[in-house]
Amino acid sequence: MDKLKQLLESYFEIPAAGPGQGSAWNFQWNSPWPGWLPDWTVLLLVSGIVFLLSYAYLKDTAHLNVNKRLVLIGIRLTLFAIVILFLTRFTLTIHRTGLPFVAVLIDDSASMGLEDDYAELPSTSMSKPFLQESRGKNRLELVKDLLLQNEARFLTELQNKHKLRLYHFSDECLPLGEQGLIDLQNYQQTQEVLKQLEPVGKETRPFHAVQKVLNDFRGTPPTAIIVLSDGISSTGDLDLLSRAGTLAKSKLVPLFPVGVGSEQPVKDLQLYDLLVDDVAFINDPVTVSAKVKFFGIQSGNMKVSLREAHTGSPLASRQFPINAQKDYQKIELTFTPTKPGLLEYVIAVEPVKGEVNLKNNQQTSQISVLDQKIRVLLVDSVPRYEYRYLKHLLERDKTIELRSILQESDLEYSSEDATALDYFPVKKEDLYQYDVVILGDADPAYFSQAVFENLDQFVREKGGGLIMVAGPRFSPHAYLNTDLEALLPVEISNSRQPAEYKPVIEGFQPELTTEGQFSTSIFRFADNAEESQLIWNQLPELYWFYAADEIKPGASVFAVHPTQKGKKGQRIPIISTQRVGAGKVIFNATDDLWRWRDLVGDLYYSRFWVQTIRYLSRSKLLNQEQAVELTLDRKTYQQADTVQFRVKFLDEQLIPTDSKSVMVMLERQGEASKPVKLTPLENSPGIFEGSVSNIPEGAYHTWVSQPILQGTPPAVDFRVEISQRELVNRDMNQSDMKKTARESRGKYFPIYAAEQLPQAIPAGHPVPLENEEPIPLWNRWEFLILFTLLISAEWLLRKRFRLV
């Protein structure tokens, strides 16, 4: 029949059908009788005419044999039919048709990035090879394997009888590739389109995805919709896939869910927020802290170990009881480095039984271990208590080399004190010999303009550390309108003039901010943050402070006054800091820290000052003399967020002449590095910015790779985590997907048996594409000739049979 159709279409000069196309014939006619005449009357009349013609011929040809009688009756009835054809203006219209569509929906939400334990699968001929191939692969990778393995056999089988339109969905449902149409003639292009999918969606909305597809096919519903997903709806029951089952059934579109994942609880330990100092000293304890999240684990213990990355030598280990009631659990390990150099280490949480995703169980970082003394310059006007205790403390510390300046001392003082200098270093080279400058209540009148400029460059360009300790005579109000004012993290006000010491009866206990507790080791008085906080709360009260009204934008506050507030309603900062160029500056609003020595001596007083000096000295000790700063807009990102990189050149001589030569490398543990190009800002040629989006979950390390800099290149660590809404439900929702298949009259397939799905898809109905121009048959010359031939043949036969 198809061959006859093709022959007639060719005769009527209809263009040949393309690949996968067909044709449908439609005949039309006009009624030659009056509109008021009922159809049954016309049918009765036609039947009567046919009867009369047949009866008349049968009576006239009674003497002829049966074959001759049938030939004459057939000719007369054919002539009658041609007359009817002429009267009805019979017309043929050919519709060009195409293959019906099948829509394939691929879930690329963040939950599809999870790995599962398929050990509970029934042992069958289909599940055995799947168990081997699924190891170490997340859910989306299993979907890609299904679609692409064996040169996309799954898609090829579907395309034999259908056209394919692919979508990917999470919070939105979007076509995959060019309008979602997949042409498997170009397998490489299809492969690239599918490989680009990453599980980064912040939400999963299966119902919304199916609804969007049905709307796209409005008027020509697809034969079926295949949904490759774990069936999880992160936005609630309103977006469950089963809600789409009723909608699809009303449009006669069956749904074929393919379940990806396991119904067994996904067990996972996630290690993140690694915090450790950049610089350590030989034989000094180093504390490494991190956080752990629990998924599918309610009780038990976890073992955390610290080891060298290259040799595997253990550094420390500890067991922690699992407390699943908390959002996260903080862990801390302490070790003591014994040799100098760059130490790369790994902190890891031992996997629990049944845990599949081991990529987030460990993090790698590095620390510079130094075997040298920190050079500190201590400056004050008079030997107040803070100066005396701090000077004696630093003189005894073996890791610090101290020089001191007392502005209002006797002439013989410098010759009698081994650490004393006669005057503040005037030459830039002399000042640059130090790593940290502690500026107490010093009189700025003793400093020249060159000294202020050198101090500014010491911090900004050389990465030096500066700490200013407030005092009642000069610091910080006397430094208003000097170069040092811009370095301080607080605003200096003329209205805040500290008075001379007066008897104070009521003391106060500063409160640590979140940054003070967790973002720095300055206030680490014990092995962990909880014990350190208890010690902080029990330290002796302080009695004097400088009340700074405002904190500068970009500055951080470590400790605040418990009750008193500034002009903007914010509590007055007691200890604050900010990064200035390559270095750091700390402002102590009180000179009463010496009171912490009460009953315990230098125990906590020493820890605070030594840890503060080390914190300030890191930049300079790490040889970051190129004054290049790499920063991110934040440290933690959700999947699908954009990571923004910024490289700032504080030394104009280091700005590359080729604006395209600034690049940072992005690396996730166990994977190859990825370059990210940065471009200069239009109005700031010394600042380069770039971004990267849609990167998978995990811990990342990034550093400046171009231009090549002396010493250790600036580097930053950050973390990308799965959306919290996506993590609430992790187990595959198989029951809901089976319900969807039943309601829509489709069929559910587990991922390991999905290769059988193409055979279950119904053939569907051809899709109309276009109509060819109508072909009038009633006035065709072929029928006119046929009519003439038939009437002539009848006359000749009647004459031969002697009927005329």
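1. A useful yardstick to begin with: the expected span of a helix is 1.5 Å times one less than its number of residues. Helices here (H or I, at least four residues) and strands (E, at least two) are DSSP runs, numbered from the N terminus. Helix 3 (residues 66-88) passes this check: at 1.5 Å a residue, its 23 residues should span 33 Å, and its end C-alpha atoms are 33 Å apart, which agrees.

2. A word on what you are looking at. This is a predicted model, in which local features need pLDDT of at least 70 and side-chain atom pairs count only at pLDDT 80 or more, while totals for chains, interfaces and linings use all residues. Residues are numbered from 1 along each chain as its sequence is written, and side-chain values use heavy atoms, with hydrogens and water left out.

3. Now the overall picture. The chain has 19 helices and 35 strands. Of its 804 residues, 50% are buried, where buried means under 20% relative accessible area, exposed over 50%, and partly exposed in between (1.4 Å probe, protein chains only). The chain exposes about 40,100 Å², with carbon and sulfur atoms supplying 51% of that area; accessible areas come from the Shrake-Rupley method with a 1.4 Å probe, and for residues only the protein chains shown count as cover. Among contacts (heavy atoms within 4.5 Å) with a separation of 6 or more, 75% are between residues 24 or more positions apart.

4. Back to helix 3 and its surroundings. Its buried residues are L72, I73, I75, L79, F80, I82, L85 and T88, and their cover includes helix 2 (39-60) and helix 19 (781-800). At the start of helix 3, a side-chain oxygen of N65 comes within 3.3 Å of the backbone nitrogen of N67. Just after the helix, R89 takes a positive phi of about 55°.

5. Helix 19 is also the home of S792. This serine is partly exposed, with a relative accessible area of 36%. A polar atom of its side chain lies 2.8 Å from the backbone oxygen of T788. That is a polar contact, meaning a pair of N or O atoms within 3.5 Å; within protein, one must be able to donate a hydrogen and the other to accept it, and residues adjacent in sequence count only if both atoms are side-chain atoms.

6. The largest nonpolar core deserves a look. Such a core is a set of buried Ala, Val, Leu, Ile, Met, Phe, Trp, Tyr and Cys residues joined through side-chain atoms within 4.5 Å. This one has 48 residues, and those with the most contacts inside it are V376, I438, F523, F525, F608 and W609. Helix 15 (residues 603-621) gives the largest share of this core, eight residues. Leaving aside neighbours within four places in sequence, F525 is in contact with S532, I535, W536, L539, W596, Y604, R607 and F608.

7. For the sheets, recall that strands pair through backbone hydrogen bonds, either parallel or antiparallel. Here two strands pair if DSSP finds at least two bridges between them. One open sheet of eight strands has the order 17-16-18-19-23-22-21-20, with mixed pairing. Its edge strands, strand 17 (400-406) and strand 20 (511-512), each pair on one side only. Strand 20 runs antiparallel to strand 21 (residues 556-565), joined by two bridges, and E511 stands opposite V560 in strand 21.

8. Elsewhere, strands 10 and 13 run antiparallel and are joined by seven bridges; T287, for instance, has T334 in strand 13 as its bridge partner. Six of the seven residues of strand 13 (residues 329-335) are buried. S289, in strand 10 (residues 286-295), counts as buried at 2% relative accessibility. Not counting residues up to four places away in sequence, S289 touches D273, L274, L275, K330, I331 and E332.

9. A few loops merit a check. S233 sits between strand 6 (224-229) and helix 8 (242-250) and is buried, with a relative accessible area of 9%; its side chain reaches the backbone oxygen of G236 at 2.7 Å. In the loop between strand 19 (465-469) and strand 20 lies P476, which is joined to S475 by a cis peptide bond with omega about 0°. N481 is found in the loop between strand 19 and strand 20; N481 has a positive phi of about 70° although it is not a glycine, and counts as exposed at 68% relative accessibility.
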